Amino acid sequence: MKATTIERIEDKLYQNRYLVDTGRPHITVRPHRSPSPSLLALTQICPAKCYEVNDVGQVAIVSDGCLECGTCRVLCEASGDIKWNYPRGGFGVLFKFG
């Protein structure tokens, strides 16, 4: 009988590397008193789990580890909830497997 191995997404994400551009995040969240439904959705749909609700009920981002997939950009950039730019050359995600 062949043993099956279940791979977790976290194990695959761990293989990627990220070169942090200290002091120059490529994504910023617009200041807000209460988060929009789109911002709250990011806490669930961001594949790298970069967004979270902080202690005061606002959505915050830690862009270290961002996959630059554009999910947040599609969902929130047009509304102005976030500002998204590509990282400067040489910074950002470094995919190990392509």
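Tyr-86 counts as exposed in this predicted model, because its relative accessibility is 60% and the cut-off for exposed is over 50%. Its partner has another setting: Trp-84 is buried, as its relative accessibility is 5%. Together, Trp-84 and Tyr-86 make up the one aromatic pair that the structure holds. The two rings meet edge-to-face, with 4.8 Å from centre to centre and 80° between the planes.

Let's turn to Ser-63. This residue sits in the loop that links strand E4 (59–61) with helix H3 (71–77). Is Ser-63 buried or exposed? With a relative accessibility of 9%, Ser-63 is buried, because buried means under 20%. Setting aside neighbours within four places in sequence, Ser-63 touches Tyr-18, Pro-25 and His-26.

Here are the accessibility values side by side:

| Residue | Relative accessibility | Class |
|---|---|---|
| Ser-63 | 9% | buried |
| Trp-84 | 5% | buried |
| Tyr-86 | 60% | exposed |

Now for the empty space inside. Rolling a probe the size of a water molecule over the atoms reveals where such space remains. Searching the whole structure turns up one cavity of 30 Å³ or more. The largest cavity holds about 90 Å³ of space. Which residues lie nearest its centre? They are Cys-46, Pro-47, Cys-66, Cys-69 and Cys-72, out of 15 residues that line the largest cavity. By character, the lining of the largest cavity comprises twelve nonpolar residues, two polar and one charged.

How values were computed. Residues are numbered from 1 along each chain as its sequence is written. This is a predicted model: local features need pLDDT of at least 70, side-chain atom pairs count only at pLDDT 80 or more; totals for chains, interfaces and linings use all residues. Side-chain values use heavy atoms; hydrogens and water are left out. On a 1 Å grid over the protein atoms alone, a cavity is a set of points where a 1.4 Å probe fits but cannot get out, and a pocket is an open set with protein on both sides within 12 Å along at least five of seven lines; lining residues have an atom within 4 Å of a point. Grid points are joined across faces, edges and corners, and a volume is the space filled by probe spheres set on the points. Ala, Val, Leu, Ile, Met, Phe, Trp, Tyr, Cys and Pro count as nonpolar, Asp, Glu, Lys and Arg as charged, and the others, Gly among them, as polar. Helices (H or I, at least four residues) and strands (E, at least two) are DSSP runs, numbered from the N terminus. Buried means under 20% relative accessible area, exposed over 50%, partly exposed in between (1.4 Å probe, protein chains only). Contact means heavy atoms within 4.5 Å. Rings of Phe, Tyr and Trp (its six-membered ring) pair if their centres lie within 6.5 Å; planes under 30 degrees apart count as stacked, over 60 as edge-to-face and the rest as tilted.
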